[in-house]
Amino acid sequence: MRRPSHRTRPLALLCLFLLGATPAAAPQGEASAEKIPADMLAEALSTIEAYYWRPEEVDRAELFVSGVQRLEVLGDDVLVTGPDGAGRVRVRAGEEEATFESRGIESMAALRSRFGEAVDFVRRHHRASPDDPVGKDAEIELLRGVLRPLDRHCRVIDARRITDFQARYHGTLSGIGARIGREGEDIVVRQPYPGTPSERAGLQPGDVLTHVDGVSTTQMSVDEAVDRIRGVEGTLVVLTVRRPGEDGPRVFPVRREQVRVPSLESRLLEPGIGYVRIDHFSKQSSAEFTEHVAALEKPAGEPSPLRGLVLDLRGNTGGSLVHASLIVQHLVSSGTIVSTQGPDGGPVQGLVHRIAARPGDDLPPIPVVVLVDHRTASGSEIVAGALKFLGRALVVGEETFGKGTVQKVFKFREDVELKITVARYLVADGIWIDQVGVVPDVAVAVARGGGDGLSIPDRLPVYAPKEPGRLGAGWEPTTGAPNDAPSLRVLTAAPEGAKEGFDPELDLAVRVIRAAPAEADRAKLIEVARPLVEAARAEGAKRIAALAAPSGARWGEDPGDWSDRSPATVTRQREALVRPPPPDVRTTLAVDGGRLTAGGKAKLRLAVVNGGRVALPRLRARLRSDLRALDGLDFTFGDVPPGGTMERSLEVEVPSRLPAQVDSVRVYLVADGRLLGGPTETRIAVDGAAWPRFALRWAAERAEVEGRVLLTLPVEVRNDGEGPSGRVVVRLDNPPIPGVELTRGRVEVASLAPGQVESVRLEMALSVGAAAGPLRIRLVVDDRDFGASTRHSFDLDPARSSPPGPWRAPPRIELATDSSGALSGGGTFRLTGEARDDTGVVRVLASRGGDRVFAATPKGGSAPSLPFSTEVPIEGGANAISVEAVDAEGLRSFRRVQVLGSGVREGEDDAAREDPGAD
């Protein structure tokens, strides 16, 4: 295969990334990303062809469909449907429509040509409006779609994420050295880092950031605020804050510096036992680790050697492969820490092929316990895996995320990079943890009680997963010893009155280190942990029995086995799921009153009849459903004797914003910690709520104060809907504009009854230059509980006041299928309705699960009424179908209906739902 001109360079010049499990993961390399020439799409396709680690699985037809589909984000008048049975994709832009073939694309060059035709068509006929998404680049959006079918770790990185990646990787940035976050509607200073400009200036945790360089943070995202605070080293940024308990604002001029972004924190848990938490792995992490350990060994300036160390990797989503490995090198002196392999199983040019431990100035062989959870991913899995499989440390917690691939970043423009999967990595002993993770030596979970149920976190599958496809070159994850199942298990519960700080993993780690000899490897630590785990299990069993007592269940001294996500357990669960429900065990799920009502309460009753000849010990039932109010509910029965019948009940609160629908509820039975078989299914109807609908009118009041123009917008909001609203927010949705300060850009009002009117006042201040021309205003009324929304965009003349205008109401959407949530079927669903508006409806859009499936525009561009009818493809399970209507004044309204498709979606399980890196 021909390699493109941007061939990988030696390691010292590479930017090797090992993508973590979340979008915030850090880059993994030694230098900047490789530069790619001009034509991004052509070069991207060449890069995929040359470097993607599973070339045999690249489906050019799928890339084309996914890429073109992404063009819909450019505006309302772009619609992509298909492919149909013949592989044709229809693209509509403006008033024109074209058909493109997705099949028969024999090369990446042909794919590039086909993309060019589609993009050229959209560019020629798409009619951009002021309310279309701002700054959407057709080629970049196309790239996002092209990468989607490859794997979830391949992605486009924009300018913002490039900055974040570089800061996390290098461990430094030019800024003030503070962590910024959001609390409610405020942007606050969470932590000024020690020794940084923010600390020296006097900023404190909890300070509310109101302005950055005079620009109001109202309606700013945290990312926007951070972008404004960062800047060129040596320059000033002026921050205005509101400090709790003080009347007036404080102003802090802060000079930007190159500041370190901490990746570690540490403390002594007790004399001799250190605790180090690693947030991510940057180029600074190894040096920070050395500094923190040295500080732990001299807590008061006097030498006090550590006799044990807890390394907390929970929530650590990754970072630099090389620098994660350096942490391991502080703790082990021999063995392979990590290796990489390309599609053929051999080395990949320019990538680190093998990183080995080496003798050096390491910590003495003191006991080490590593804490992990299901968000421990990527670089942190390399650390946990190496310390476990090289026999150095005891691993405690949950199975880790399970990411075993390597990504490389290619630079396309200064503000665009592509991350492509190019290899897999193996942790110590050649173990591939992809989709499996590092299985802890001691699995720990916390049971919780609520109502009459007992919830045990066994993460049962939602559906029987489909068979996994090829993972690349015929490889399969390593699931045998020593990564098959935990050696020990602890199922416990918080003691009565325990605070939020209850941390059984950390508590067990400290107990193990206390009991361990001065020099202890993993094998010794497992033996030391065994009696401690038994004691913790016994104590946990008592607490769990107390939690189960309100249900009348006798849980016994030992809670028995419980399910986790280790390979052995997942295999057992999958085998059980393909079996039918136990024929001798009958379950009946019913709702008092026969139906659920949106916004109300309901009592669920589950009866179990054991018609078999053997008892069902420690029987539990778990509900799984797309209806969140029912999903994950647990019923606790205890021991059910042969011929016995038991009934349990739970009261649930039904969300208020549900449309009329029918939901599938699946009941899984677990006895003695083992899944008995596939689920039984019950369908439960929901009476939907009457939704609010908001009309509004506004005026403008102009004043000049101290050289600035002050604009006040009195806004009236009226509920024209059939039901009361939830919490209503009236806000200006304008992006930050130089010279325009939203001094009061958001107001929240109480619930509005049908017909009720509420008045609010929004305010902005403009510099003289900003007040010279018209302003594009986006006024939004949102119901935070229902999701109902009215959006109005208009041009405001800041040179004069404006009297109150007429009431403006969004289009009214009437769905003939409004009560058809009760319908179910497969294939397609007929969506029928009408949008009406006195000013004229200009467009109706329909989407299923975020995918636009229908768009209609009346002849002449506008009409008082626009009927619509279309076939919507549906999948198994719940299908959320939304309809959006736009009128001639730019007001938008939304309606939603839910349809239950026959069967279930394949391949979903709890791991997919909890995946921190799922797109």
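A nonpolar core is a set of buried Ala, Val, Leu, Ile, Met, Phe, Trp, Tyr and Cys residues joined through side-chain atoms within 4.5 Å. The exercises below concern a predicted model.

**Exercise 1. The cores**

Find which residues have the most contacts inside the largest nonpolar core, and which strand gives the largest share of this core.

Solution.
- Step 1. The largest nonpolar core has 94 residues.
- Step 2. Those with the most contacts inside it are Ile48, Leu71, Phe115, Phe289, Leu311, Val370 and Leu387.
- Step 3. Strand β23 (residues 416-427) supplies the largest share of this core, 8 residues.
- Step 4. Another core, of 31 residues, lies apart from it; Leu630, Phe637, Val640 and Val654 are among its members.
- Step 5. As background, nonpolar side chains in soluble globular proteins tend to be buried together.

**Exercise 2. Helix α8**

Determine where the buried residues of α8 fall when the helix is seen down its axis, and what covers them.

Solution.
- Step 1. Helix α8 spans residues 285-297, which is 13 residues. From first to last C-alpha, α8 reaches 18 Å, close to the 18 Å expected.
- Step 2. List the buried residues of α8: Ser285, Ser286, Glu288, Phe289, His292, Val293 and Leu296.
- Step 3. Seen down the axis of α8, these buried residues fall within an arc of 155°, so they line one face of the helix.
- Step 4. Their cover includes the strands β14 (257-260), β15 (264-270), β16 (273-278) and β17 (308-312), together with α9 (321-329).
- Step 5. Phe289 links this exercise to the previous one: Phe289 is buried in α8 and is listed among the residues with the most contacts inside the largest nonpolar core.

**Exercise 3. A sheet of 3 strands**

Work out the order of the strands in the open sheet that holds β3, β4 and β5, and which of them stand at the edges.

Solution.
- Step 1. The order is β3-β4-β5, and the pairing is antiparallel.
- Step 2. β3 (78-81) and β5 (96-101) each have a single partner strand, so they stand at the edges, with one side of each left without a neighbour in the sheet.
- Step 3. From one strand to the next, the twist averages 15°.
- Step 4. β3 pairs with β4 (residues 88-93) over 4 bridges, and Val78 stands opposite Ala93 in β4.
- Step 5. Two helices lie across β3, β4 and β5: α2 (residues 60-69) runs at about 15° to β4, and α3 (residues 108-125) runs at about 175° to β5.

Terms used
Residues are numbered from 1 along each chain as its sequence is written. This is a predicted model: local features need pLDDT of at least 70, side-chain atom pairs count only at pLDDT 80 or more; totals for chains, interfaces and linings use all residues. Side-chain values use heavy atoms; hydrogens and water are left out. The expected span of a helix is 1.5 Å times one less than its number of residues. Buried means under 20% relative accessible area, exposed over 50%, partly exposed in between (1.4 Å probe, protein chains only). The arc is that of the directions from the helix axis to the C-beta atoms. Contact means heavy atoms within 4.5 Å. Two strands pair if DSSP finds at least two bridges between them. Axes are lines fitted to C-alpha atoms, for helices over the stretch in contact, and angles run from 0 to 180 degrees between N-to-C directions.
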